[in-house]
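Me: I am new to this structure and would like a close look at a single part of it, with the surroundings explained as you go.
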Amino acid sequence: MLRALPAQDSPRRTDREAPVARGGAASRVITSWKQETKLWRLGRIMSDSSGRLYNPRMPLPVRPMVTIRRTSAADIRTLHAFELDEASNELAGTKPRDWPTFQRRWTEILADPEGRATGVTPRVILADGVLAGAINISPQDGSDTLGYWIARTLWGRGIATRAVALLLREFTRRPIYATAAGHNVPSIRVLEKNGFEMVSRCVTPETSRTVQRETVTLVLE
Ligand SMILES: CC(C)(COP(=O)(O)OP(=O)(O)OC[C@H]1O[C@@H](n2cnc3c(N)ncnc32)[C@H](O)[C@@H]1OP(=O)(O)O)[C@@H](O)C(=O)NCCC(=O)NCCS
């Protein structure tokens with residue numbers, strides 16, 4: 001079972017050798033301590049249950065096995081590292097939150113596991129057991145609204161499509177809404193493949209979380 005390690009701590013080291021990634025494929029080997037530390041800060045170092053380190057840029061199977069589970073405090077650092085990725089924000093038309101803001105929000109969500117106060121259903125996405133992203137349903141303007149985020153290194157493997165299908169099976173209240181930047185074709189495609197239909201398209205102003213952009217709204221009735 002693979003798990004993400006918190007990005008802020010030092011990686012565990014039991015010897016002086018460069019850590020070798022799981023599986024032994026050349027592309028998975030972390031070749032130097034410097035590289036390892038840099039990746040660690042970026043939240044891109046993972047360890048398996050015996051503490052071996054590997055680089056999740058490794059080639060996962062093209063279609064990994066996707067599962068979702070309840071989000072835990074141990075996931076938050078890695079999810080924040082995913083949220084900081086520039087290309088992801090460009091695609092989503094969003095602005096990343098700084099760590100204190102992100103941490104404050106997640107402390108509130110995790111303190112309310114049934115979502116009675118926050119109304120949030122928080123889940124993480126695992127690809128072959130590796131933390132690959134987040135998927136949540138949260139109330140926006142009084143409606144259940146779906147959002148998701150996949151680590152950039154894992155895009156294009158069907159992970160979001162499958163994770164949405166899994167959460168829709170678990171969360172059965174309808175309708176569910178989702179919004180996406182008009183240019184975020186992959187996200188719109190993920191939603192349409194799960195039965196969502198476009199209901200509106202308009203330019204939305206800049207907010208603390210989004211840039212000014214064309215925003216499309218989709219619904220699953
Ligand atoms: C959007 C996002 C969640 C997609 O995740 P993913 O795991 O790569 O998605 P999937 O692999 O399940 O599916 C992507 C679909 O978009 C398609 N796609 C990707 N780029 C495309 C493009 N430029 N034009 C048309 N289709 C495109 C893929 O082919 C695939 O469809 P298919 O299965 O019919 O071939 C991911 O890019 C992401 O996390 N982006 C940053 C955050 C974000 O945008 N979140 C959503 C906010 S609304």
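Is Asp128 buried, partly exposed or exposed, and how many other C-beta atoms lie within 10 Å? Please start there and then work outwards.

Reply: This is a predicted model, and what follows should be read with that in mind. Asp128 is partly exposed, because 14 other C-beta atoms lie within 10 Å, a count between the 12 or fewer of an exposed residue and the 20 or more of a buried one. Asp128 belongs to the loop between strand 5 and strand 6, and its phi is near 50 degrees, a positive value in a residue that is not glycine. As a rule, most residues other than glycine have a negative phi.

The strand before this loop is a good place to go next. Val124 sits in strand 5, and it counts as buried because it has 23 C-beta neighbours inside 10 Å. If neighbours within four places in sequence are left aside, Val124 is in contact with Ile68, Arg69, Thr71, Asp75, Leu131 and Ala134. The C-alpha atoms of Val124 and Tyr148 are separated by 9.1 Å, although these residues are 24 apart along the chain.

On the other side of the loop, strand 6 holds Asn136, which is partly exposed, with 18 other C-beta atoms within 10 Å. Asn136 and Arg123 are 13 residues apart in sequence, while their C-alpha atoms are 5.8 Å apart in space. Apart from neighbours within four places in sequence, Asn136 is in contact with Val120, Thr121, Pro122, Arg123 and Gly147.

Strand 6 leads on to a further loop, the one between strand 6 and strand 7, where Asp141 is found. Asp141 also has a positive phi near 50 degrees, again in a residue other than glycine. Asp141, however, counts as exposed, because it has 6 C-beta neighbours inside 10 Å.

After strand 7 comes the loop between strand 7 and helix 5, and Gly158 lies in it. Gly158 counts as partly exposed, since 15 C-beta neighbours fall inside 10 Å. From C-alpha to C-alpha, Gly158 and Arg63 are 6.5 Å apart in space, though 95 residues separate them in sequence.

Helix 5 itself covers residues 159-170, and its 12 residues should span 16 Å at 1.5 Å a residue; the C-alpha atoms at its ends are 17 Å apart, which agrees. The buried residues of this helix are Ile159, Ala160, Arg162, Ala163, Val164 and Leu167. In helices of this general kind, an α-helix has 3.6 residues a turn, so residues three or four places apart point the same way. The buried residues of helix 5 pack against strand 5 (121-127) and strand 6 (130-140), the two strands on either side of the Asp128 loop, and also against strand 4 (66-70), strand 7 (143-150) and helix 6 (185-193).

Beyond helix 5, the loop between helix 5 and strand 8 (176-181) contains Pro175. A cis peptide bond joins Arg174 and Pro175, with omega at about 5 degrees. In general, most peptide bonds are trans.

A helix pair elsewhere in the chain can be described in the same way. The axes of helix 2 (residues 76-84) and helix 4 (residues 99-110) come within 11 Å and cross at roughly 130 degrees, which makes helix 2 oblique to helix 4. The crossing of these two helices is right-handed. Where they meet, Ile76, His80 and Glu83 of helix 2 are in contact with Trp99, Phe102, Gln103 and Trp106 of helix 4. By class, this contact between helix 2 and helix 4 has four nonpolar, two polar and one charged residues.

Further along the chain, strand 9 (residues 197-204) contains Cys202. Cys202 is exposed, with 9 other C-beta atoms within 10 Å, and its C-alpha atom is separated by 8.3 Å from that of Arg213, 11 residues away along the chain.

To place all this in the whole, the secondary structure of the protein chain comes to six helices and 10 strands. Of its 221 residues, 29% are buried. Among contacts between residues at least 6 apart in sequence, 62% join residues at least 24 apart.

Methods:
Residues are numbered from 1 along each chain as its sequence is written. This is a predicted model: local features need pLDDT of at least 70, side-chain atom pairs count only at pLDDT 80 or more; totals for chains, interfaces and linings use all residues. Axes are lines fitted to C-alpha atoms, for helices over the stretch in contact, and angles run from 0 to 180 degrees between N-to-C directions. Helices (H or I, at least four residues) and strands (E, at least two) are DSSP runs, numbered from the N terminus. Angles under 35 degrees count as roughly parallel, over 145 as roughly antiparallel, 65 to 115 as roughly perpendicular and the rest as oblique. A crossing is left-handed if the near helix is turned anticlockwise from the far one by less than a right angle, and right-handed if clockwise. Two residues are in contact if their C-beta atoms, placed from the backbone, lie within 7 Å. Ala, Val, Leu, Ile, Met, Phe, Trp, Tyr, Cys and Pro count as nonpolar, Asp, Glu, Lys and Arg as charged, and the others, Gly among them, as polar. The expected span of a helix is 1.5 Å times one less than its number of residues.
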